[in-house]
Amino acid sequence: VYRWDLRSARCLARFHNEGGTVTSALAASSAGMTAVGAESGVVNLYEDSDVFGRKGGGEGGLALARHTSAALPPTKALTHLTTTVDSLAFNHDGQLLAMASKWNRDALRVVHIPSRTVYANWPTGQTPIRYPSALAFSPNSGMLAVGNDRGRVLLYRLRHYDST
């Protein structure tokens, strides 16, 4: 995994995702978290303070690049999907992570990042997600959009967040 600063066109950090399987999806939050999905279905969470080594120095208060050939141990490994992770999306404040696999029916999970737990009460067996192929949160996280294999976009209201 490489983290780049697009403004300076330089690599800020490089590390190997723990687990050794092929990386299939990536997402970075504004709250300092990186999610790395793999073909095995595992999603590893990394805190920027671990990726960059330490706070201070460098641009944006981050340390100079950390380059290593060793696997960086994740903050949390999420094993709730069993097939290739195709989609990862953080909401606007980095409190939620949606993760999905288009290879299993209804293979969508939402993670509460501060507690590092997956919501067990949603989606339910009656939620008509089918095979999710795309995920996106609205700008204020009031809605979660899920694209599926039928070419439909399902919108789910997240009541904790403002819908505007």
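**Largest pocket.** I looked up the lining of the largest pocket first and found 14 residues, with Leu-96, Val-110, Tyr-119, Leu-158 and Arg-159 nearest its centre. A pocket is here an open set of points on a 1 Å grid over the protein atoms alone, where a 1.4 Å probe fits, with protein on both sides within 12 Å along at least five of seven lines; lining residues have an atom within 4 Å of a point. The model is predicted: local features need pLDDT of at least 70 and side-chain atom pairs pLDDT 80 or more, whereas totals for chains, interfaces and linings use all residues. Residues are numbered from 1 along each chain as its sequence is written, and side-chain values use heavy atoms, without hydrogens and water.

I noted about 290 Å³ of space in this pocket, a volume being the space filled by probe spheres set on the points, which are joined across faces, edges and corners. I sorted the lining residues into eight nonpolar, four polar and two charged. Nonpolar covers Ala, Val, Leu, Ile, Met, Phe, Trp, Tyr, Cys and Pro, charged covers Asp, Glu, Lys and Arg, and the others, Gly among them, are polar. Strand S10 (108-112) and strand S14 (153-157) each contribute at least two lining residues.

**Chain overall.** I counted one helix and 14 strands; these are DSSP runs numbered from the N terminus (helices H or I, at least four residues; strands E, at least two). Of the 164 residues, 41% are buried (under 20% relative accessible area with a 1.4 Å probe, protein chains only). Among contacts (heavy atoms within 4.5 Å) with a separation of 6 or more, 46% join residues 24 or more positions apart.

**Four-stranded sheet.** I traced an open antiparallel sheet in the order S3-S4-S5-S7, taking two strands as paired if DSSP finds at least two bridges between them. Strand S3 (23-28) and strand S7 (76-78) are the edges; each has a single partner strand, so one side of each lacks a neighbour in the sheet. The twist averages 20 degrees from one strand to the next, with axes fitted to C-alpha atoms and angles running from 0 to 180 degrees between N-to-C directions. Strand S5 (residues 43-47) is joined to S7 by three bridges, and Val-43 has Leu-78 as its bridge partner in S7.

**Three-stranded sheet.** I then followed a second open sheet, S12-S13-S14, also with antiparallel pairing. Strand S12 (132-137) and S14 are its edge strands, each pairing on one side only. Here the twist averages 20 degrees from one strand to the next. Five bridges link S12 to strand S13 (residues 143-148), and I recorded Val-146 in S13 as the bridge partner of Leu-135.

Terms used
Buried means under 20% relative accessible area, exposed over 50%, partly exposed in between (1.4 Å probe, protein chains only).
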